[in-house]
Amino acid sequence: MSNKELQALKERYVAAGAASPNEQFADHATNAELWDADGKRMIDFAGGIGVLNIGHRHPKVVEAVKAQLDKLMHTCQTVMPYEGYVKLAEKLSGVAPVRGHAKVMLANSGAEALENAIKIARAATGRTNVICFDGGYHGRTFYTMAMNGKAAPYQTDFGPMPGTVYRAPYPVPYHGVSEEEALRGLKMAMKADSPEKDTAAIVIEPVLGEGGFYAAPTSFLKEIRKICDEHGILMIVDEVQSGFGRTGKMFAIEHSGVEPDMMTVAKSMADGMPISAIVGTDKHMDASGPNSLGGTYTGSPTACAAALAVFDVFKEEDILGKAQRLGEKLKQRFSQWQEKFEHVDNVRNLGPMAAFELVGSKDSHEPKPELAAAITKKAKEKGLILLSCGMYGNTLRFLMPVTIEDEVLEEGLAIVEECLKETGA
C-alpha cells in the first residue's frame, strides 16, 4: 500500500492521541537507512528514539530472533521459565554498575521498568515517596506520568496524577539553574514536601533525554549518592535512553563513577525488540514477596534472544569504541556550526548523545522552538529523520545508530547544515 492509502487507514482507525503526524510509513530499513511505502529513502538520525544504537535489523540480532522462533515463542516465564531470561539476567548483572551483587527483573518497556523500580524501592524501604527532577521523562503510565518533569503533552488530558511524587530542579546552568541551586532545591523538597523518613527513592536520568540532553555533573550525582546514603534512600538511575553505548560507555552513570542502588534500562537493549530491565542490589531486588513482580510477556523468549545477541555485537564490533569516535565527529561538526550560525548555541555531547540549541541570540539564550520545528520539517523533506526535544522544544537531538556508515553520516550532517542555512539559523 502507498503512503496515501495507509494515511487514510490511519485517520479512520488509529486513535488520534496515538497517531503519528508523519504521513510517511516505514516499509523496510537497514542500519541507518529507511525506505517508506512509496520507496523514498530516508537517513535515520532518530533511531526509533534511541532504540537502534546498533542499527536497523542488525544481522546477528535478526538471526538470533529467527533461531528463537524455531524453538519457543512464549510460555510466560513465571509459569515455565526458559534459558534466555536467566542468561540475560546474568549478562545484565555482570555489566550494570550497581552496588554489590546485582539481580534482575525483565519487563516490556521503559515505563514498566520505572513502575517496577518504584514498587521494589517501596518494598525495600517501607516508604512511599519518590523525588524526581524537572525536565525528566520516565514514561506514559500513570505513575511515570506523575514522575515526568514536563506536563504537556504527557499529563494534559488525563486528570489528577498519583500523589507521593515530588520534584527538584535539574542543573542546567545555560537556562539559569546552577548545580548549587539544584542541590538547594533538592534539599528544600525534602524539607517542604518529602521528608527523608518518607522518601523511598530519588530517581534521576544521568543525561536528560526528552528534557534536552543535558548531562548531570559528576559532583551533583555524587551528592545525591551521599544524601541517599545518609538517609536510607535508594538512588535509582534511569538509563532507558542513555544506556547501551549511547554516551560512549555502556551506561551514562559510569562517567561519574557513582554506583546507584537500582537502574532501569530498555530501548537499545534489544535493537528494537520490546524489552526492559530493572537491575539492582540483590537485597533490594529480593525485598518484595513471591509473585509480586512480573507480567505475561515480561522478558519474552524472542526479546531475550535479541538482547543476548546485542551483547555479542557490542563485544565483537567494538560498539563502545565506535560510539566514542562518533561522539568526537559530532562534537567537531557542532562546534563549527556554533561558530558559523547566529542561532546555534550550547552544543554539547556525552559521546554520541549529542545536541544543540536554537536560540534568539547567544547572549540571551532565548529559546527558538519554531526554528527547531522548521529545521526538522525541512530535514524530513530532504530525506532525513531528525528530532527536537527539551523543556522549550528548541533542542535538536541526534540519535543515529552508532554503526552508521561514514558516508551516510556525512550525507545526513550535510542535510542538517543545508537546513540551518535555509531557515536562517
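In what order do the four strands of the open sheet with antiparallel pairing stand? The order is E11-E12-E15-E14, and this sheet is one of several features described below for a predicted model. The secondary structure of the chain comes to 13 helices and 15 strands, and the points that follow begin with the chain as a whole before turning to its sheets, to one helix and to some individual residues.

**The chain as a whole**

- With its 425 residues, the chain would be expected to have a radius of gyration near 22 Å if it were a compact globule, and the value computed for the chain is 21 Å, which agrees.
- Taken along the principal axes, the box that the C-alpha atoms fill is roughly 60 × 55 × 45 Å.
- Buried residues account for 53% of the 425 residues in the chain, where a residue counts as buried if its relative accessible area is under 20%.
- The accessible surface of the chain is about 18100 Å², and carbon and sulfur atoms contribute 52% of that surface.
- If one takes the contacts in the chain between residues at least 6 apart in sequence, 71% of them join residues that are at least 24 apart.

**The antiparallel sheet E11-E12-E15-E14**

- The edges of this sheet are strand E11 (344-350) and strand E14 (387-389), each of which has a single partner strand, so one side of each is left without a neighbour in the sheet.
- From one strand to the next, the twist averages 30 degrees.
- Strand E11 runs antiparallel to strand E12 (residues 353-358), and five bridges join the two; within this pairing, Arg348 has Ala355 in E12 as its bridge partner.
- As a general background to such pairings, the strands of a sheet pair through backbone hydrogen bonds, and they may do so either parallel or antiparallel.

**The mixed sheet E1-E2-E3-E13 and helix H13**

- Another open sheet is formed by four strands in the order E1-E2-E3-E13, and here the pairing is mixed.
- Strand E1 (26-30) and strand E13 (384-385) are the edge strands of this sheet, and each of them pairs on one side only.
- Helix H13 (residues 406-422) packs on the sheet, where it touches E2, E3 and E13, and the direction of the helix makes about 90 degrees with that of E3.
- Inside the sheet, strand E2 (residues 33-36) pairs with strand E3 (residues 41-44) in the antiparallel sense over three bridges, and Glu33 stands opposite Ile43 in E3.
- At 1.5 Å a residue, the 17 residues of H13 should span 24 Å, and because the end C-alpha atoms of the helix are 24 Å apart, the expected and computed values agree.
- The buried residues of H13 include Val408, Leu409, Gly412, Leu413, Ile415 and Val416, and Glu417 is also among them.
- After H13 comes Gly424, whose phi is positive, near 80 degrees.

**Strand E10 and its partners**

- Why can strand E10 (residues 276-281) be called largely enclosed by the rest of the structure? Six of the six residues of E10 are buried, so the strand is largely enclosed.
- Strand E4 (residues 102-107) pairs with E10 in the antiparallel sense over six bridges, and Ala107 has Ser276 in E10 as its bridge partner.
- Strand E9 (residues 262-265) also runs antiparallel to E10, to which four bridges join it, and Val265 stands opposite Ala277 in E10.

**Residues with notable backbone angles**

- A cis peptide bond, with omega of about 5 degrees, joins Ala152 and Pro153, and Pro153 has its place in the loop between helix H6 (142-147) and strand E6 (165-168).
- Phe244 is not a glycine, yet its phi is positive, at about 55 degrees; this residue lies in the loop between strand E8 (234-238) and E9.
- Asn291 is likewise not a glycine and has a positive phi, of about 60 degrees; this residue is found in the loop between helix H9 (282-285) and helix H10 (301-316).
- Are these two residues buried or exposed? Phe244 is buried, because its relative accessible area is 1%, whereas Asn291 is exposed, because its relative accessible area is 70%.

Key: Residues numbered from 1 in each chain as written. Predicted model: local features only at pLDDT ≥ 70, side-chain atom pairs only at ≥ 80, totals over all residues. Heavy atoms only, no water. Pairing = 2+ DSSP bridges. Contact = heavy atoms within 4.5 Å. Axes fitted to C-alpha atoms, helices over the stretch in contact; angles between N-to-C directions. Expected span 1.5 Å × (residues − 1). Buried < 20%, exposed > 50% of the residue type's maximum accessible area, 1.4 Å probe, protein only. Rg over C-alpha atoms; globule rule 2.2 N^0.38 Å. Areas by Shrake-Rupley, 256 points an atom, 1.4 Å probe, with all protein chains shown as cover.
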